[in-house]
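Trainee: I should like to understand how the descriptive terms for this model are justified. May we take them one at a time?

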Amino acid sequence: MHTYFQILQTPGIEGDASILFFCNGKKYLFNVSENLNRFSSEHKIKIYSGLEHIFISRISPSYLGGLPGTILGVSEQQSPANNSGQNNFDQNLKVNLHGPPNLWHYLTTLRSFIRCPEKFRLCLNQMMDHQYEEEYKFLEDEHLTVTGILLKSDIITKNNDLLMQCDYGSLFTLKDSNGPVISPKNSEILNSLKTIMEGIDNNNNQKNKVNKKDNKGPNKKKQKKAVENYIYSYKKKFNVQLMGEAENKQEDILTREAFKSSLPTLTDFSLCFVCKTSDIPGKFDAEKASQCGIFGPLRGKLCKGEDVVINGVTYKPDDFISPPIPGLNVLIINCPNEFYLNSLLTHKQFDKYYGKAGIIVHITPHKILTSERYKEFMRRFDKNCDHIYLNEVSTKPATFFTSSSASIIEFGMVDKELFTIDLETNKIENRQQRINEISNTFSDLNIIRGESLLKYNLRPLRIKGIDSKDSSSFGTIDPGYTLSNFKLNYPQIVEACKEFLDKKEHHLLNYSNETHQQRGIIDKLSNRDFEIVFLGTGSSVPSKYRNVTGILINLFDKGSVLLDCGEGTIAQLFRALGKEEAIKVLKNLKCIWFSHLHADHNMGTARFLEKRAEYTNDKLLIIGQKKLRNALIEYSCCASDSKINFDFFPVENLVSKEGADRNFTERILKPLGLESMISVPVNHTCPEAYGIVLTHQTGWKVVFSGDTRPCHNLIKAGRDCTVLIHECTFDNSLLSDAIYKKHSCAFEAIEAGEQMNAYRTILTHFSQRYYKFPTLDSTNSDYASNNVAVANDLMRVNGKKLPELPFVSSVYKHFWSLLQEDSQE
């Protein structure tokens, strides 16, 4: 049986530490960092198949930023076909989630954003704060035993005042797995449940005298089973079943209307894990058994642990079976900052592991790892231990996303100004010097740098140890090599691009005769007036080539506005602009405006805000729906070491110009030089869905549709705009899907631009089914040819380049159509 663990992501701007255990086809995932789903797609790691257990170390976007996407991915991966004809939930339609205190409360913050199949269960097993001194057993199966040890911070970072604004769980219902929905406010049902669980007579509040026979009878078992089937359903979006300690305390939960009045603990915790592989059974000595006349079924008895008697002689299993080989211990230590060191060094539950061999994974920042107190902790273990450290130093500088990076380099053959990329997003200063410092400091220990894709084989024992084959191939992309290799493999595409570019001046000359009223405004722009940076152009979930929605309207020294903030937006910002420029943008960012509440448009917000807090203490204005505000406040009150700091402005207040009050004008509009910022209600599947119209004092106007069907209100509000950024989820062949899901097809988005008289229309938000470049068939109108462009991730459209954008986009279209034809041949 092959058992190993693999380091997936390592700490950096593009994600944080995630580890996947593989045990005979089963998978156990430790931490779900932001971008993990995209990372797995990039490196062909099928994390969903066989994934039954997810373990979370901290309530932090660094450790669970990718959890919503993973929950959706697992729920969609598990086929409901096995469940047909069954009233109860099938045990396969679930994933088990284990973690620290407040994990329940974190899940409640997702209730407005995610929806799982109705038959899917999320089985929650979280530690409670009163279990701080225990070693809590999360899991024990035939392959792996996982226990948890809580570390407690010396300080409290949560805002107690904000807790009073939280409404954890008030919107969920208690639901029977057979289907009927029960309101927690129904006291009669709650009392009957309480009676079942506690044996309480609700008429006189006295305990019933239940005889022992009744406790063992079929009715009692049936009642107990009914209670075990109760789950918590958030408006039928996803279902949580409590396990472990939370399940044991369920009578308290029901009494308090199922956590409704239960607030998160204010203490910050970090959870360490001990993973023990199962013991290897001892070997049966067949030769010795033969000598004793033991054959056939008698050997089977010995293997089952039974004694065997032959000719009056009793033989015991130990006479023929060697002692089992103990399983290996893998400790995952999560010490995020200095405030957890006291807890780490004094926790009694670690004592039993000191002086013993094993593997220890240290998810610990460099300054903590090399501190005197942490050195003391590491040296308490046996000197034969393998110590693997995961931090910003162990992370290679290269971006995790090599496929999309290579595409950007290839796109650059056509226009290098439109496509730029930082290929060393995770680069830090003095990395090699810090690596040497760690090696020298721990020269007496087996110290291993934990790089992305590094494997550690646990079984068979003959191959135990590091396997660096995959991690060694993971390195910085060489642009020169990428381009020369592409030219070598696709000479016809290179030649076609050259022919197009030779005609560039002729095409641009035609554009110079444009009569659109915005053309005169654009001609007066400088390169530092505004640019549009596409941080994500895909829909629903991230893919290798397209991240989910995020659009930066960058006005350079005046500041910027971010439109939507899907998972991974902060990493995309650094990839597009480079570290130095990205930090400037973060410091000077005025606001984030949110189009609607779907997860692919907002699940990157928490990590974005926390990363921004590393560079500035200024509050950022969130312009969004009230449910989003509530979720962010609830998150900040249950997260560990949270740095989220924001002000809120209701997005619906901007439906009219009068909604922008004096404070909003002084804080947002005047610094950016904007005349107005208008939210326009649009037609999508969720309420409170909006587009936006940004109008500058100099006359340029940018419109973003959000997710919508073609919308008359938006066309009217954005008339004669400079740029329309319109969603284009489906190609023209999937009109029925677009109507049902309230999205737009290519021809509809182009027609909207034409009706709006938009100078340029840029299509975005493509279904991830389209390979690199979407299909835009049946859109051969003059407007489509002369005014429409297609967005790609990390594309930077400066206002001055708008006239030539359709021509460049036509080159890309030809570029990828040839590539697709070549790949099909």
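Mentor: The discussion below sets values from the model against the definitions behind them. This is a predicted model, in which local features need pLDDT of at least 70, side-chain atom pairs count only at pLDDT 80 or more, and totals for chains, interfaces and linings use all residues. Residues are numbered from 1 along each chain as its sequence is written, and side-chain values use heavy atoms, with hydrogens and water left out.

Trainee: Why is helix 16 called roughly perpendicular to helix 19?

Mentor: Helix 16 (residues 402-411) and helix 19 (residues 479-489) pack at an angle of about 70°, with axes 10 Å apart. Angles run from 0 to 180 degrees between N-to-C directions, and axes are lines fitted to C-alpha atoms, for helices over the stretch in contact. Angles of 65 to 115 degrees count as roughly perpendicular, under 35 as roughly parallel, over 145 as roughly antiparallel and the rest as oblique. Helix 16 is therefore roughly perpendicular to helix 19.

Trainee: What makes the two helices a contact, and which residues of helix 16 and helix 19 meet?

Mentor: Contact means heavy atoms within 4.5 Å. Ala-406, Ile-409 and Glu-410 in helix 16 meet Pro-479, Thr-482, Leu-483 and Phe-486 in helix 19. The residues of this contact divide into 5 nonpolar, 1 polar and 1 charged. Ala, Val, Leu, Ile, Met, Phe, Trp, Tyr, Cys and Pro count as nonpolar, Asp, Glu, Lys and Arg as charged, and the others, Gly among them, as polar.

Trainee: What makes strand 31 and strand 32 a pair?

Mentor: Two strands pair if DSSP finds at least two bridges between them. Strand 31 (residues 690-696) and strand 32 (residues 701-704) have 4 bridges in the antiparallel sense, so the criterion of at least two is met. Ile-692 has Phe-704 in strand 32 as its bridge partner. Helices and strands here are DSSP runs numbered from the N terminus: H or I over at least four residues for helices, E over at least two for strands.

Trainee: Which are the edge strands of the open sheet ordered 30-31-32-33-34-35?

Mentor: The edge strands are strand 30 (674-681) and strand 35 (788-790), because each pairs on one side only, where pairing rests on the bridge criterion. The pairing in this sheet of 6 strands is mixed. Neighbouring strands are turned by 15° against each other on average, direction ignored.

Trainee: Which strand is joined to strand 15 by 4 bridges?

Mentor: Strand 15 (residues 269-277) is joined to strand 18 (residues 329-334), and the two run antiparallel. Lys-276 stands opposite Asn-329 in strand 18.
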